[in-house]
Amino acid sequence: MRKVSSDQKNNIDQLTYKTTNVWDSGFAKKDIMDFSEKYKLFLDKAKTEREFVKESVILAEQKGFKNIDELDVSKLNPGDKVYRVVKNKLMLLAVIGKKPAEEGVRIVGAHVDAPRFDIKPNPLYESTDMVFLKTHYYGGIKKYQWVAIPLALHGVIVKADGTVVEVNVGEDENDPVFTITDLLPHLAKDQYEKKLNEAFKAEDMNALIGSEPLEDKDIKERFKKNILALLNQKYGIVEEDLISSELELVPAFKARDVGFDRSMVGAYGQDDRVCAYPALIAITEITDPEYTAVCYLTDKEEIGSVGNTGAESMALENFIADLCAMTTNGQYSDRLVRNSLSRSKMLSADVNAAFDPNYEGTHDKMNAGYLGKGVAILKYSGSRGKSGASDASAEFLNEVRRLLNENNIPWHITELGAVDKGGGGTIAMMIANLGVDVIDVGVPLLSMHSPFEIASKADIYATYKAYHVFLK
Ligand code: MN
Ligand code: MN
């Protein structure tokens, strides 16, 4: 057996991998708490992808970013700040580096959509003197969590003449709210006996929006028509206009501090705004990067990153093509874009499934995300035998690890959960397909995809620091 002298004991101890709780690290508590105050205010204003993009544009313009599609110059210089919005739901921001974009860029990419209930295209009906909106859930939800809570309605209605009406009802404390009802326990005998995933049927999850009729009893559907009259009065719309709308029901409550010590944030939609917001703040604070810094805020991640506002779209390539064209000293060619992508590096900024001691057995504790242990690095996601995983290389993981260590930012290595317990993915795989080195780096969450997700304020701050040093 190897003998260890007393002076060797310390050295031996240094051989082991250890994690640090962020509260024990060098960050000032005030910085941690102040960051989350601003984060909570932003969350309350940005409950949908459109709202997040809208608020991000306001912030970016305050910080000197210019719309790349409205520039009157064809050349970008180091330090220039530009942004692009695609279809009001996806956003890209860049701070031009000292090196031309063809030498690669540094990207932090997050998503700004979140699980919710969308309103169906033809949604309005009355039943037993009550009025409802039919819904279609969006993303992976546990349906039972969304009944019997106050819901707010956010979104847009495009009228026949093309004008866009913005809807936001349920956020002001004087606003009405809406709700999807649940059955009383007294009559829930049959419901109790159903499996959790069968107890609530999607087609029965209709939102209650009214119960007062028009006065004239001769009018058919006078409860529904009363709501239509109110909608017409408020928004100037008719029922057919609802067909060209995007309306989302989201929890009506605000982001709150959680715990006597106020150490956590509880809010709707923290997946993935708890990464998107730190990424946004980080890029607005970058001034003179070596490599062009890019923040990528995508939509549709919760349904597979599809469509022209998802990470599978051409949005990133098109943006990098423009950056290459506007920073190259030579002639622009398609090759510059391909070179840029294969030399680029990205942190896929998405949340991590934190270990919950009330639900033992879901994680391998040696490879789990934990609340408070700082930035969660996820080498790969996927399910079963790493199916569908974007598996970051050991070399790139090491670069990220070294960067965080050099900057004293607490981090820990994680898996999505125990092997064969489930699985999932992020936008990492779509961007990795382009040749970019990508790894998932984000905030561990409790109650992910529920109406009230929990994050540690210390982790949020550590993650912001991590994105900042990566882009810098
Ligand atoms: Mn996510
Ligand atoms: Mn998600």
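**A two-manganese site and its surroundings**

Asp271 forms a bridge between the manganese ion (ligand 1) and the manganese ion (ligand 2), and the two ions lie 3.4 Å apart. The model described here is predicted. The manganese ion (ligand 1) is coordinated by His111 through NE2, by Asp271 through OD, and by Asp350 through two OD entries, at 2.1 to 2.6 Å. Along the chain, the donor residues of the manganese ion (ligand 1) have the spacing H-x159-D-x78-D. His111 belongs to strand β4 (residues 105–111), whereas Asp350 sits in the loop between β15 (345–348) and β16 (352–353), so the pair ties together parts that are 239 residues apart in sequence. Both His111 and Asp350 are buried.

The manganese ion (ligand 2) has as its protein donors Asp271 (OD), Glu302 (OE), Glu302 (OE) and His449 (NE2), at 2.0 to 2.6 Å from the ion. The spacing of these donors in sequence is D-x30-E-x146-H. Here too, distant parts of the chain are linked: Glu302 lies in the loop between β14 (292–298) and α7 (315–327), and His449 in the loop between β22 (444–446) and β23 (453–456), 147 residues apart. Glu302 has a relative accessibility of 13% and therefore counts as buried. His449 is also buried, its relative accessible area being 16%.

The surroundings of His449 include another donor residue by way of a side-chain contact: the side chains of His449 and Asp271 are joined by a polar contact of 2.9 Å. When neighbours within four places in sequence are set aside, the residues in contact with His449 are Pro115, Gly140, Ile141, Gln145, Trp146, Asp271 and Glu302. Asp271, which coordinates both ions, and Glu302, a donor of the manganese ion (ligand 2), are thus among the contacts of His449.

Strand β4, which holds His111, is also a packing partner of helix α8: the buried residues of α8 pack against β4 and α7. In α8 (residues 334–342), the buried residues are Leu336, Val337, Ser340 and Leu341. Viewed down the helix axis, the buried residues of α8 fall within an arc of 130°, so they line one face of the helix. Arg335 and Arg338 are exposed and are carried on the face of α8 turned away from its buried side.

Elsewhere in the chain, seven strands make up an open sheet with antiparallel pairing, in the order β8-β7-β11-β5-β6-β10-β9. Its edge strands, β8 (164–169) and β9 (179–180), each pair on one side only. At the β9 edge, the partner is strand β10 (residues 207–210), and the antiparallel pairing of β9 with β10 runs over two bridges. In this pairing, Thr179 stands opposite Leu208 of β10. Helix α5 (residues 222–235) packs on the sheet and touches β5 (116–127), β6 (130–138), β8 and β10. The direction of α5 makes about 125° with that of β5.

Notes: Residues numbered from 1 in each chain as written. Chains lettered and ligands numbered in written order. Predicted model: local features only at pLDDT ≥ 70, side-chain atom pairs only at ≥ 80, totals over all residues. Heavy atoms only, no water. Donors = N, O, S within 2.8 Å, 3.2 Å for Na, K, Ca; no water. Helix = DSSP H or I, 4+ residues; strand = E, 2+ residues; numbered from the N terminus. Buried < 20%, exposed > 50% of the residue type's maximum accessible area, 1.4 Å probe, protein only. Polar contact = N/O pair within 3.5 Å; in protein donor to acceptor, adjacent residues only side chain to side chain. Contact = heavy atoms within 4.5 Å. Arc of directions from axis to C-beta. Pairing = 2+ DSSP bridges. Axes fitted to C-alpha atoms, helices over the stretch in contact; angles between N-to-C directions.
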